[in-house]
Amino acid sequence: MSGEKVKVGVLGCTGMVGQRFVQLLESHPQFVIHGLGASARSAGKPYAEAARNWKQTTDIPAATGQIAVQECRVEGRLAECALVFSGLDSSVAGAVETAFADADIPVFSNSKNHRMDPLVPLIVPTVNPEHFAVIPAQRKATGRKHGFIVCNANCSTTGLAVALAPLHRKYGLRRCSVVTMQAVSGAGYPGLSVMDMADNVVPFISGEEDKVETEPQKILGALKPSRDGFREAEFAMSAQCNRVCVIDGHTECVSMDFACNPQPSMEDIKRTLGAFSSEAQSLALPSAPAVCCAVLEGDNRPQPRLDKDRGAGFTVSIGRVRRCRLFHVKFVLLSHNTIIGAAGSAILNAELAHHKGYLTRS
């Protein structure tokens, strides 16, 4: 595949995450969109017509706009793809993603359906790329030669995991509490009405708290020595999730303490966060951020309007690191929920898989 771009497909291409896939893949140095999948009502239409609800700040890429959308089946242009990205709704994602993987087309999924499967890696690309090593066991168990499923995490879990990873590895997390303020783009389009969101905060997002309370332990856990599953990290998580009237950017107020004694100082915590780096950065992959965690000074940062696009949306911004009277430390983090928190993570995961040889057909 050297010298030629890898043909990729996007499932759920007309939704908010699907649109972000299309936007981020324009002019990608390794991947080129070859197939587009959506519901039956969009099938047969050029993408530019099917995606009339386009909500990104850039235009629909001209070449992609001419591709005819098809249903999400392993046929046509989608069957010719070397991998597919899935932005499908969870109501249909499970069976569709399994069908593509069974057809030996690797799937990089943003959906929740397979995240907690013991043989499916749940990867935040700047945190736990070593979990790709479970893929041979997944292939063996499913009888696939080339196909597999890799999931990226829930949008709020992702930013949280980037902040927790260096602290857990150095100090050992004991317990963590998080309160999220999540952007409306996370609800998809059309999402919540203006009557729901204007001058309001909605203190419930269905299924969200369970994801945030369970996914970090798998992400920060270890691959079993046999490489056929994971040992989850042992720390307690509590989450309260809220929808707020912000377009993009999830803000999270995090409190935690550690298993080590004595507990680290605030300056040590800031240095540990600021020094965190990833394999994706060392490999200089196309989507890798220059900085994983940006530690900001000042009492009023991070803010979605000012900080969500840091590192082209792949950097997690952290501020207000200070002592907590109930736990040990508390801080505020911000991540771009549809880039590092969704489509961007899946693309960077695919870049990692490509580098590691998991897309090679022998």
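**Exercise 1. Is R175 buried, partly exposed or exposed, and what is its relative accessible area?**

Before solving, some ground rules. This is a predicted model, where local features need pLDDT of at least 70 and side-chain atom pairs count only at pLDDT 80 or more, while totals for chains, interfaces and linings use all residues. Residues are numbered from 1 along each chain as its sequence is written, and side-chain values use heavy atoms, leaving out hydrogens and water.

*Solution.*
- Step 1: grab the cut-offs. Buried is under 20% relative accessible area, exposed is over 50%, and partly exposed sits in between (1.4 Å probe, protein chains only).
- Step 2: R175 has a relative accessible area of 27%, so call it partly exposed.

**Exercise 2. Find the salt-bridge partner of R175 and place the pair in the fold.**

*Solution.*
- Step 1: a salt bridge here needs a side-chain nitrogen of Lys or Arg within 4 Å of a carboxyl oxygen of Asp or Glu.
- Step 2: the side chain of R175 meets that of D257 at 2.8 Å, N to O.
- Step 3: R175 belongs to strand β7 (residues 173-182) and D257 to strand β11 (residues 250-258), 82 residues apart. Strands are DSSP E runs of at least two residues and helices are H or I runs of at least four, numbered from the N terminus.
- Step 4: D257 has a relative accessible area of 7%, so it's buried.

**Exercise 3. Work through the D102 and R144 pair.**

*Solution.*
- Step 1: their side chains form a salt bridge, at 2.9 Å from N to O.
- Step 2: D102 is in helix α5 and R144 in the loop between α6 (135-142) and β6 (149-151), so the contact ties together parts 42 residues apart in sequence.
- Step 3: D102 is partly exposed at 46% relative accessibility, whereas R144 is buried at 11%.

**Exercise 4. Describe the largest pocket and its lining.**

*Solution.*
- Step 1: set the terms. On a 1 Å grid over the protein atoms alone, a pocket is an open set of points with protein on both sides within 12 Å along at least five of seven lines, and lining residues have an atom within 4 Å of a point.
- Step 2: the largest pocket holds about 1200 Å³, counted as the space filled by probe spheres set on the points.
- Step 3: it has 43 lining residues, with G87, L88, D89, A187 and G188 the closest to its centre.
- Step 4: α5 gives the most to this lining, 3 residues.

Terms used: 1 Å grid on protein atoms, 1.4 Å probe; cavity = no way out; pocket = protein on both sides within 12 Å on 5 of 7 lines; lining within 4 Å. Nonpolar A, V, L, I, M, F, W, Y, C, P; charged D, E, K, R; others polar.
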